[in-house]
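Visitor: Please choose one small part of this structure and look at it closely, and then connect it step by step with what lies around it. I am in my first year, so I would be glad of a careful and unhurried answer.

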Amino acid sequence: MKRFLTMLTLTGILLLGFALPHAAQANTVIQNGITCVGPIGDSALNGTYPDDGSKTTAGHDYWCGTAINQTTQAYQMLQSVSGLADKTVLQTAGITYYLFGTRAEEAQFWGTGSPFYDNVSYCGHTAAQVVGGVSTIKIAIWNACSNKWTGALDTNIWMNEVTSHESGHGLDFAVAKQNGTPTANPSTSTAFRALVSADLTNLAQTACLTFGNSTPSGVESGWPATHLPAVCNFNNVENATYVKKSNVAIAALVSAYFVNPSPASLKYQDVWAQLMVLQGGGPGSPDIVPVTDSLLSNFKCSAWAARSYYLFNVPPAVNTYPTGCPQNPGAF
Ligand SMILES: [Zn+2]
């Protein structure tokens, strides 16, 4: 797939070279009617991964379609990437970032037959394609999020959090690539599953302390006509919807996408990605998944592994986990 992208880039060069010899930018890809141009940044941000290209040299970021010239959001995206402690492993894995105006533009750019095609995500997505044992990883972020319930395009007011979350997925794929097992992500490993299971078992405190007072977002409610109510009100009185349920059962309702994903083979890719947001200092305001972030702030075992990967790209040493966690959780 790396070669494929190189060829696309060259095709873009040739087409532009013949058609628009004076306006041509060498680092431009036109595919299925969508134009992508790199790099995103200017002199203030240019030169470091992922904004390490030039007008004549491909780097690791592009802005595409109607996102072109959406400077503020592009910079927010780049700054979120720059804040990651794990940038080196992303860079070594060759992960490329794309800022599109909408999900539809991204879908059109790749085409429906592509492994990078996406028609379900809300504000961005990350995908890897493994060919001949080599994985190619791409991260897409959109200026406008696709609201599954209303069909509307919601302004992406969560640019920092979305970028950090998708970079967390990128790290997951990058570590798998680094380990020489590109289809075995650490987030779906025996060890990480054991750690999240321990975290869920350890949720001994009250539901109000665990889930907080925020109303579940659309992502957390699964986009129903009526959103789920907050677990607790601001006087810490638990809503009747949840009163007879355990914390694990409540988590399966208000954080289903994270702790109870479908299909189950996705366990726990999104816990991993969102723990990386928390490792990076938190989601900021507004928070796209406020109840989940309250829940994950109680996850000491899986967070210990996330911290180790975030800082060092390796799992924690055995017998270093917090009290109450598996001390030798198995293979990542
Ligand atoms: Zn995700």
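**From one loop to the whole chain**

Guide: Let us begin at Trp-223, which sits in the loop that runs between helix 8 (218-221) and helix 9 (247-254). Please keep in mind throughout that this is a predicted model. The backbone at Trp-223 has a phi near 60°, a positive value in a residue that is not glycine. Is Trp-223 exposed, partly exposed or buried? Within 10 Å there are 14 other C-beta atoms, and because a residue counts as buried only from 20 upward and as exposed at 12 or fewer, Trp-223 is partly exposed.

A second residue other than glycine with a positive phi is Asn-69, where the angle is near 80°. Asn-69 belongs to the loop between strand 3 and helix 2 (71-82), and since 8 C-beta neighbours lie inside 10 Å, Asn-69 counts as exposed.

Let us now move along the chain to helix 11 (269-279) and the loop that joins it to helix 12 (290-296), which is where Gly-284 is found. Helix 11 has 11 residues, of which 10 are buried, so this helix is largely enclosed by the rest of the structure. Its buried residues include Val-271, Trp-272, Ala-273, Leu-275, Met-276 and Val-277, and among them there are further residues such as Gln-269, Asp-270, Gln-274 and Gln-279. What do the buried residues of helix 11 pack against? Their partners are helix 5, helix 6, helix 10 (256-259), helix 12 and helix 13. Just after helix 11 ends, the chain reaches Gly-281, which takes a positive phi of about 110°.

In the loop that follows, Gly-284 has 16 C-beta neighbours inside 10 Å and therefore counts as partly exposed. If neighbours within four places in sequence are left aside, the contacts of Gly-284 are with Asn-160 and Glu-161. For a sense of distance, Gly-284 and Gln-205 are 79 residues apart in sequence, and their C-alpha atoms are 25 Å apart in space. The next step in this loop is a cis peptide bond, with omega about 0°, which joins Ser-285 to Pro-286. Pro-286 is placed in the loop between helix 11 and helix 12. Another cis peptide bond, with omega about 0°, joins Gly-38 and Pro-39, and Pro-39 lies in the loop between strand 2 and strand 3.

Helix 6 and helix 13 were both named as partners of helix 11, and they deserve a look of their own. Two packed helices are described by the angle between their axes and the distance between the axes. Helix 6 (residues 190-201) and helix 13 (residues 300-312) pack at an angle of about 140°, and their axes are 6 Å apart. This angle makes helix 6 oblique to helix 13. On the side of helix 6 the meeting residues are Phe-192, Leu-195, Val-196, Ala-198 and Asp-199, while helix 13 brings Lys-300, Cys-301, Ser-302 and Ala-305. Sorted by class, the residues of this contact are 6 nonpolar, 1 polar and 2 charged.

Now step back to the chain as a whole, which the domain assignment divides into domain 1 (2-178) and domain 2 (186-312). Taken over C-alpha atoms, the centres of the two domains are 28 Å apart. Where the domains touch, 22 residues of domain 1 are in contact with 20 residues of domain 2. The domain 1 side of this contact has 10 nonpolar, 8 polar and 4 charged residues.

Which residues touch the most other members of the largest nonpolar core? This core has 79 residues, and those that touch the most other members are Cys-36, Trp-63, Cys-64, Leu-99, Ala-174 and Val-231. Helix 5 (residues 159-178) gives the largest share, 7 residues. Domain 1 and domain 2 each contribute residues to the core, so the core lies between them. One of the residues just named, Ala-174, touches Val-89, Leu-90, Ala-93, Ile-95 and Ile-137, not counting residues up to four places away in sequence.

A last element to visit is helix 4 (residues 103-110), whose buried residues are Arg-103, Glu-105, Glu-106, Ala-107 and Phe-109. These buried residues pack against several strands, including strand 1 (28-31), strand 2 (34-37), strand 3 (61-64) and strand 4 (96-100). Just after helix 4 comes Gly-111, with a positive phi of about 90°.

Technical notes:
Residues are numbered from 1 along each chain as its sequence is written. This is a predicted model: local features need pLDDT of at least 70, side-chain atom pairs count only at pLDDT 80 or more; totals for chains, interfaces and linings use all residues. A nonpolar core is a set of buried Ala, Val, Leu, Ile, Met, Phe, Trp, Tyr and Cys residues joined through C-beta atoms within 7 Å. Helices (H or I, at least four residues) and strands (E, at least two) are DSSP runs, numbered from the N terminus. Domain bounds come from an automatic or database domain assignment. Two residues are in contact if their C-beta atoms, placed from the backbone, lie within 7 Å. Axes are lines fitted to C-alpha atoms, for helices over the stretch in contact, and angles run from 0 to 180 degrees between N-to-C directions. Angles under 35 degrees count as roughly parallel, over 145 as roughly antiparallel, 65 to 115 as roughly perpendicular and the rest as oblique. Ala, Val, Leu, Ile, Met, Phe, Trp, Tyr, Cys and Pro count as nonpolar, Asp, Glu, Lys and Arg as charged, and the others, Gly among them, as polar.
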